[in-house]
Amino acid sequence: MEIFSSIKSTFYKALEEIINTAYENGGITRRGVQEILQKYNCNFPSLERRVLDKNEEENKNLYLLKKEDDSQQLTLRIDAPIEPYATDIELMWLKFMLSSRYVHLFLEDETIEKIKKLKVNNNFLFDPEILLPKNYSKVVKREWVREIGKKLRILIHAALEKKAINYTYITRSGYQFKETGIPVKIQYSLKDDLLYAIIYSITSHSFAKCVVQNLHDISLTSEKVDMTEISKEYEEFLKKSSAPEPIVLEVMNTRNALERAFCLFSSFKKSARFLREKNKHQLTIYYYTFEEAEVLSRILYLGKDVVVISPERIRNEIISRVKKALERYEEKV
């Protein structure tokens, strides 16, 4: 029945949560049932009556729950949870994850072994080796994953606990500087297969986006730092650093342009919609002002398959850069 298809029905998700909540807690109240139905926008009287076995037509009742004496709790008629359900496509992507060189950084060996044992419909299987990466950074050499792992553990611990770290950063030009800061976010770029750390510098009171493998001598600081004050400071800085308006792009429905755009902007908050009348996609990118140079370079990387719709300032900047590039090309010719 389609009503129980997790792909097509939010009612399935609501029932799944009702059953699993009742199983974990040994019961659920009517109010709890109503709240879950409301959460999934299934709070229609007819659906509520079916779940609570109150429909006048008995054949429409689900008989999932039963009332325990005078208690307000409802318990499951069948004492069992609903196990997580994954489609063949989801299973395929779990399998494909294993081809990533970073998989051991984020998944336990036990989890990796479980994924290896998953059985997938042969129609969905493909060889990951056919995907050949071409956009890896030619400037930054790829670091051994185990070395990145050591750094990531410290960065993630500091970010979650809001603790300061001391570190040395080596820029792509070779310049070194020592800083004390708070890691705020870890990003992964599909474009060049690099991990980035956004760090709020206590020294310069600004944000820096650092390539993780260019961070060295990372350690939690032993100095006394007023984290409450600094947290307020960087949160206020981040709030002020949000671009006043997002960049809106129109992406052509050609040459896998949308897939390439999603790949390039994988680490940015974004939304997309299909413009049926134009047969194009509209991609809206949200960013911080200190990321503007990076965003502009990635838009240019997409070439003629993308048009900047707004804001006007960004549109003019892209046009200016393209004109300068053409002028340089004509000079060389």
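The exercises below work through a predicted model of one protein, each with a solution in steps.

**Exercise 1. Confidence and overall make-up**

Task: State what the mean pLDDT of the protein is, and which elements have the lowest and the highest mean pLDDT.

Solution.
- Step 1. The protein has a mean pLDDT of 81, and 88% of its residues reach 70 or more.
- Step 2. Among the elements, helix α8 (residues 227-241) has the lowest mean, 77. The highest, 92, belongs to strand β1 (residues 28-29).
- Step 3. Where pLDDT is low, the predicted coordinates should not be read in detail.
- Step 4. The protein contains eleven helices and twelve strands. Of its 333 residues, 36% are buried.
- Step 5. Among contacts with a separation of 6 or more, 57% are between residues 24 or more positions apart.

**Exercise 2. The sheet of five strands**

Task: Give the order of the open sheet of five strands and find which strands stand at its edges.

Solution.
- Step 1. The order is β7-β6-β5-β4-β8, and the pairing is antiparallel.
- Step 2. β7 and β8 (215-220) each have a single partner strand, so one side of each has no neighbour in the sheet; these are the edge strands.
- Step 3. On average, neighbouring strands of this sheet are turned by 40 degrees against each other, direction ignored.
- Step 4. Now follow the pairs. β5 (residues 176-189) is joined to β6 by eight bridges, and Pro183 has Ile199 of β6 as its bridge partner.
- Step 5. β6 (residues 194-201) is joined in turn to β7 (residues 206-211) by six bridges. Here the bridge partner of Ile199 is Ala208 in β7.
- Step 6. β6 and β7 make a hairpin with four residues between them. In the turn, His205 has a positive phi of about 55 degrees.
- Step 7. Helix α7 (residues 145-161) lies across β4 (165-170), β5, β6 and β8, and runs at about 40 degrees to β8.

**Exercise 3. The sheet of four strands**

Task: Find the strand order of the open sheet of four strands and explain why β10 and β12 count as its edges.

Solution.
- Step 1. The order is β10-β11-β9-β12, with antiparallel pairing.
- Step 2. β10 (269-275) and β12 (306-310) are edges because each has a single partner strand, which leaves one side of each without a neighbour in the sheet.
- Step 3. The average turn between neighbouring strands of this sheet is 25 degrees, direction ignored.
- Step 4. Inside the sheet, β9 (residues 247-252) and β11 (residues 280-286) pair over six bridges. One example is Glu250, whose bridge partner in β11 is Gln282.

**Exercise 4. The nonpolar cores**

Task: Identify which residues touch the most other members of the largest nonpolar core, and which elements give two or more residues to this core.

Solution.
- Step 1. The core has 21 residues, and Ile247, Leu249, Phe265 and Ile299 touch the most other members.
- Step 2. The elements giving two or more residues are β9, α9 (257-264), β11, α10 (292-302), β12 and α11 (312-332).
- Step 3. Take Ile299. Leaving out residues up to four places away in sequence, Ile299 touches Ile247, Leu249, Phe265, Val306, Val308 and Ile318.
- Step 4. Another core, of 18 residues, lies apart from this one; Leu155, Ile165, Leu195 and Cys210 are among its members.
- Step 5. Return to α10. Its buried residues are Glu292, Glu294, Val295, Leu296, Arg298, Ile299 and Leu302.

**Exercise 5. Backbone exceptions and cysteines**

Task: Say where Tyr63, Asn279 and Pro311 lie, and how many disulfides a search of the whole structure finds.

Solution.
- Step 1. Most residues other than glycine have a negative phi, and most peptide bonds are trans.
- Step 2. Tyr63, in the loop between α3 (45-51) and β2 (65-67), has a positive phi of about 55 degrees. With a relative accessible area of 37%, Tyr63 is partly exposed.
- Step 3. Asn279 lies in the loop between β10 and β11, and its phi is positive, near 55 degrees. At 41%, Asn279 is partly exposed.
- Step 4. Ser310 and Pro311 are joined by a cis peptide bond, with omega about 0 degrees. Pro311 belongs to the loop between β12 and α11.
- Step 5. The search finds zero disulfides. As for two of the cysteines, Cys42 is buried because its relative accessibility, 3%, is under 20%, whereas Cys263, at 24%, is partly exposed.

Methods. Residues numbered from 1 in each chain as written. Predicted model: local features only at pLDDT ≥ 70, side-chain atom pairs only at ≥ 80, totals over all residues. Heavy atoms only, no water. pLDDT = per-residue confidence, 0-100. Pairing = 2+ DSSP bridges. Axes fitted to C-alpha atoms, helices over the stretch in contact; angles between N-to-C directions. Disulfide = S-S within 2.5 Å. Buried < 20%, exposed > 50% of the residue type's maximum accessible area, 1.4 Å probe, protein only. Core = buried A, V, L, I, M, F, W, Y, C linked by side-chain atoms within 4.5 Å. Contact = heavy atoms within 4.5 Å.
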